[in-house]
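Biologist: I have a structure open in front of me and I would like to learn how to read it. Could you walk me through it, feature by feature?

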Amino acid sequence: MSESNFEWDKGKNLENQRKHGVSFYEAQHAFLDPSRLIAEDVIHSQKEKRFFCIGRDETGEGILTVRFTYRENRIRIIGAGYWRKGKKVYEQANSLH
């Protein structure tokens with residue numbers, strides 16, 4: 001994984017760590033999961049489309065939901081966390097009960 005493929009706002013990263021306990025650096029791991037899901041965030045998409053990546057974290061134990069957009073061929077991470085809804089969608093899609 002190349003960090004040059006990802007970007008984020010430093011302040012938002014710190015806020016996300018405080019609120020959700022996940023750094024955007026850690027959130028990148030969800031994109032490496034071969035079983036990850038990518039879905040459009042239709043609620044928050046306005047001028048620029050936003051998406052969710054739902055995939056396993058670095059430990060392989062947790063399921064991260066990462067909100068992101070594409071900017072100039074880079075993935076810009078907007079938010080990330082261990083959210084129950086994302087985990088449920090991931091488990092249903094990958095038949096993990």
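Modeller: Happily; we will go through the sheet, the core, the helices and the salt bridges in turn. One thing to keep in mind from the start is that this is a predicted model.

Biologist: Let me start with the sheet. In what order do the strands lie, and is the sheet open or closed?

Modeller: The sheet is open, with five strands in the order β1-β5-β4-β3-β2 and mixed pairing. At its edges lie β1 and β2, each of which pairs on one side only.

Biologist: How many bridges join β3 to β4, and do these strands run parallel or antiparallel?

Modeller: They run antiparallel, joined by six bridges. Follow the chain from β3 to β4 and you trace a hairpin with six residues between the strands. In that turn, G60 has a positive phi of about 80 degrees. On its other side, β3 pairs with β2, again in the antiparallel sense, over four bridges.

Biologist: Which residues stand opposite each other?

Modeller: Try I54 in β3: L37 stands opposite I54, and I54 in turn stands opposite T65 in β4. Another pair to find is F51, which stands opposite F68 in β4. As a general idea, side chains in a regular strand alternate between the two faces of the sheet.

Biologist: What packs on the sheet?

Modeller: Helix α3, residues 84–93, does; this helix touches β2, β3 and β4. Its direction makes about 70 degrees with that of β3.

Biologist: Now the inside. How many residues does the largest nonpolar core have?

Modeller: It has 14 residues, and those with the most contacts inside it are A27, F31, C53, V66, F68, I75 and I77. Two or more residues come from each of α2 (24–27), β3, β4 and β5.

Biologist: Could we look at one core residue closely? Where is V66, and is V66 buried or exposed?

Modeller: V66 is in strand β4. Its relative accessibility is 0%, and buried means under 20%, so V66 counts as buried. Leaving aside neighbours within four places in sequence, V66 is in contact with A27, A30, F31, F51, F52, C53, I77, G79 and A80. A27 can be read in a similar way: not counting residues up to four places away, A27 touches V22, L64, V66, I77 and A80.

Biologist: And how does helix α1 begin and end?

Modeller: D9 caps the N-terminal end of α1 (residues 10–20), with a side-chain oxygen 3.0 Å from the backbone nitrogen of G11. After the helix comes G21, whose phi is positive, near 70 degrees. A useful habit for any α-helix is to count along it: there are 3.6 residues a turn, so residues three or four places apart point the same way.

Biologist: What about charged residues? How many salt bridges does a search of the whole structure find?

Modeller: Five. The general idea is that side chains of opposite charge can pair when their charged atoms come close. Take E7 and R74, where the closest N and O atoms are 3.1 Å apart. Since E7 lies in β1 (residues 6–7) and R74 in β5 (residues 74–81), the pair ties together parts that are 67 residues apart in sequence.

Biologist: Are those two partners buried or exposed?

Modeller: E7 counts as buried at 19% relative accessibility, whereas R74 is partly exposed at 30%.

Biologist: Which other pairs should I look at?

Modeller: D41 forms a salt bridge with R67, the closest N and O atoms being 3.5 Å apart. This pair links distant parts of the chain, 26 residues apart: D41 is in the loop between β2 (37–40) and β3 (51–56), and R67 is in β4 (residues 63–71). D41 counts as buried, at 2% relative accessibility. Then there is R71 with E48, whose closest N and O atoms are 2.8 Å apart. Here R71 is in β4 and E48 in the loop between β2 and β3, 23 residues apart. R71 is partly exposed, with a relative accessible area of 32%, and E48 is partly exposed too, at 22%.

Biologist: Which residues do salt bridges with shared partners join into one network?

Modeller: E7, R74 and R76.

Conventions: Residues numbered from 1 in each chain as written. Heavy atoms only, no water. Salt bridge = Lys/Arg side-chain N within 4 Å of Asp/Glu carboxyl O. Buried < 20%, exposed > 50% of the residue type's maximum accessible area, 1.4 Å probe, protein only. Contact = heavy atoms within 4.5 Å. Pairing = 2+ DSSP bridges. Core = buried A, V, L, I, M, F, W, Y, C linked by side-chain atoms within 4.5 Å. Axes fitted to C-alpha atoms, helices over the stretch in contact; angles between N-to-C directions. Polar contact = N/O pair within 3.5 Å; in protein donor to acceptor, adjacent residues only side chain to side chain.
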